[in-house]
Amino acid sequence: MCGRLSQYDGMHDFVTALSMANPLVNNAGDHRFERCNAAPTTQLALFHQEGQYLHADMVRWGWRPHWAKDRASPINARVEKVAHGPFFRAIWQHRAIIAINNWFEWVDEGGPKKQPYLIRHRDRSPILCAAIGLSPSAEHEPGEHDGFVIITADNAGGMVDIHDRRPVALTPELAREWQDPATPKERAEQMVLLQGEPTEAFEWFKVDRAVGNVRNQGPDLIKPISDSLL
């Protein structure tokens, strides 16, 4: 998964997609986020469950442990290693959901520049991506080490031609179970390893190369440059 995504809906659109009856502690605001071209280090709306409450906070995309000062903050974590590797050990138990509208990948099609593609749900519903990270909570005030990473898995089907990795997207039922603190760690690992949404749930198409510049924003970046979906 490359480092660009869109989170342009409003908070209540994402809450509706999660279908959670829990009371919401909304620290992310009620406005539409309108981030059509979000890059690493962007503050994005992240969900996590604390007790019986669903929390929504603006959290930086990217995280590293305090001892890894000599490297950039990763934005993704490979599902094959995340539960057992030392790098993410401190945040594996801090499960969260990042709800997005789409993400982007770049493909070498033989031209002078790579061609960007947008990937989204076929029904255009929010994509509920499994994530882990540190965010504000009752026991943790906002701090410089807050951040999150998106869990990624090998691609399959036709999407593998776009990129070899993709976010682990969960159905609303599994997304609720994933972020439930009562869900055992072993069950959480099996969910992201084996129960991510299939390729058939997505569609993808070419978009304007202007999305390659993070300074470019706006709805034109998420429109297909061809009327036919690929």
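Start by selecting strand E9 (residues 115-121) together with E14: the two run antiparallel and are joined by 5 bridges. Keep in mind as you click around that this is a predicted model. Now pick Leu118 and look across to E14, where its bridge partner is Phe205.

Next, bring up the rest of that sheet. It is an open sheet of 5 strands, ordered E3-E1-E8-E9-E14, and the pairing is antiparallel. Colour strand E3 (35-38) and strand E14 (202-206): these stand at the edges with a single partner strand each, so one side of each has no neighbour in the sheet. Ignoring direction, neighbouring strands here are turned by 25 degrees against each other on average.

Leave the sheet and go to helix H2 (residues 172-179). Show the side chains of Leu174, Ala175, Trp178 and Gln179, the buried residues of this helix. They sit on the same side of H2, because they cover an arc of only 125 degrees around the axis.

Keep Trp178 on screen and add Phe47, Phe88, Ile132, Ile151 and Leu170: these six have the most contacts inside the largest nonpolar core, which has 39 residues. Elements giving two or more residues to this core include helix H1 (11-18), strand E4 (43-50), H2 and helix H3 (185-194). H1 gives the most, with 5 residues.

Which residues does Phe47 touch? Zoom in and, leaving aside residues up to four places away in sequence, you'll find among them Met11, Phe14, Val15, Leu18, Leu54, Ile97 and Gln179.

Last stop: select Val59, Trp61, Ile98 and Cys129, which are among the 22 residues of another core, lying apart from the largest nonpolar core.

Technical notes: Residues numbered from 1 in each chain as written. Predicted model: local features only at pLDDT ≥ 70, side-chain atom pairs only at ≥ 80, totals over all residues. Heavy atoms only, no water. Buried < 20%, exposed > 50% of the residue type's maximum accessible area, 1.4 Å probe, protein only. Helix = DSSP H or I, 4+ residues; strand = E, 2+ residues; numbered from the N terminus. Arc of directions from axis to C-beta. Pairing = 2+ DSSP bridges. Axes fitted to C-alpha atoms, helices over the stretch in contact; angles between N-to-C directions. Core = buried A, V, L, I, M, F, W, Y, C linked by side-chain atoms within 4.5 Å. Contact = heavy atoms within 4.5 Å.
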